[in-house]
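Welcome! Please take a look at the sequence and the 3D structure below before reading on.

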Amino acid sequence: MPDDVPLLVIVDAANVVGSVPDGWWRDRRGAAERLRDRLAADGVPGRAGPVEIVLVVEGAARGVESVPGVRVESAAGSGDDNMVELVARADGRRCLVVTADRELRRRVSELGADVAGPRTVRP
């Protein structure tokens, strides 16, 4: 892939939101929207160069809208399966999946994606 192709950053919304016990469970959709807005404003700290951010939501957070800088994908079923599918379709493009889910990390790593924990995008 050419160097000017943006890094594809796939964020596991449920996992990242759930990494901090701040009451997110009372409003899962609102928590996903706040994460989306933070990603749109701050991007991915420490990542130089262009990035394309995809926030994968599931369950009660389905239907969160995309905003400039962050494409939101509502998983019809499993968010993990959706993220694996995104990596598989990346066709050799560099991918970073942000999650702490061990099984998801294993699955996307086998497809060539890099992985990082929730603190990558959430202080």
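This report walks through strands, helices, charged pairs and an aromatic pair.

## How to read the model

This is a predicted model, in which local features need pLDDT of at least 70 and side-chain atom pairs count only at pLDDT 80 or more, while totals for chains, interfaces and linings use all residues. Residues are numbered from 1 along each chain as its sequence is written, and side-chain values use heavy atoms, with hydrogens and water left out.

## Strands side by side

Let us begin with the strands. Helices (H or I, at least four residues) and strands (E, at least two) are DSSP runs, numbered from the N terminus. Two strands count as paired if DSSP finds at least two bridges between them. Strand 1 and strand 2 run parallel and share 6 bridges; here Leu8 has Glu52 of strand 2 as its bridge partner. Strand 2 also runs parallel to strand 3, with 5 bridges joining them, and Leu55 is matched with Val72 in strand 3.

Strand 2 is mostly covered, with 5 of its 7 residues buried. Buried means under 20% relative accessible area, exposed means over 50%, and partly exposed lies in between (1.4 Å probe, protein chains only).

## Helix 3 and its surroundings

Helix 3 spans residues 79–89, and Val84 sits in it. The buried residues of this helix are Gly79, Asp80, Asn82, Met83, Val84, Leu86 and Val87. They pack against strand 1 (7–12), strand 2 (51–57), strand 3 (70–74), strand 4 (95–98) and helix 4. At the start of helix 3, a side-chain oxygen of Ser78 comes within 3.2 Å of the backbone nitrogen of Asp80. Just after the helix, Asp91 has a positive phi of about 55 degrees.

Val84 is a good residue to find on screen. Its relative accessible area is 13%, so Val84 is buried. Not counting residues up to four places away in sequence, Val84 touches Leu104, Arg107, Val108 and Leu111, where contact means heavy atoms within 4.5 Å. Val84 and Arg107 are 23 residues apart along the chain, and their C-alpha atoms are separated by 6.9 Å.

## The ends of helix 4

Helix 4 covers residues 102–110, and Asp101 caps its N-terminal end: a side-chain oxygen lies 3.0 Å from the backbone nitrogen of Glu103. Such a polar contact is a pair of N or O atoms within 3.5 Å; within protein, one must be able to donate a hydrogen and the other to accept it, and residues adjacent in sequence count only if both atoms are side-chain atoms. Just after helix 4, Gly112 takes a positive phi of about 100 degrees.

## Charged partners

Side chains of opposite charge can pair when their charged atoms come close. A salt bridge is a side-chain nitrogen of Lys or Arg within 4 Å of a carboxyl oxygen of Asp or Glu, and the structure holds 10 of them. One joins Asp22 and Arg122 (2.6 Å, N to O). This pair links distant parts of the chain, 100 residues apart: Asp22 is in the loop between helix 1 (13–17) and helix 2 (28–42), and Arg122 is in the segment after strand 5 (114–116). Asp22 is partly exposed at 43% relative accessible area, whereas Arg122 counts as buried at 10%.

Another salt bridge is formed by Asp81 and Arg107, with their closest N and O atoms 3.0 Å apart. This one links helix 3, where Asp81 lies, to helix 4, where Arg107 lies, 26 residues along the chain. Asp81 is partly exposed at 40%, and Arg107 is partly exposed at 23%. Elsewhere, salt bridges that share partners join Glu52, Arg71, Glu73 and Arg93 into one network. Within this topic, Glu73 and Arg71 have their closest N and O atoms 3.1 Å apart.

## A buried charge without a salt bridge

Which side chain of opposite charge is nearest to the buried Asp80? The answer is Arg107, 5.1 Å away, and Asp80 has no salt bridge. For this purpose Lys and Arg count as positive and Asp and Glu as negative, while His and the chain ends are not counted. Leaving aside neighbours within four places in sequence, Asp80 is in contact with Asp12, Glu58, Asp101, Leu104 and Arg107.

## The aromatic pair

The structure holds 1 aromatic pair. Trwo rings take part here: Trp24 and Trp25 meet edge-to-face, 5.6 Å centre to centre and with 80 degrees between the planes. Rings of Phe, Tyr and Trp (its six-membered ring) pair if their centres lie within 6.5 Å; planes under 30 degrees apart count as stacked, over 60 as edge-to-face and the rest as tilted. Trp24 is buried at 18% relative accessibility, while Trp25 is partly exposed at 43%.
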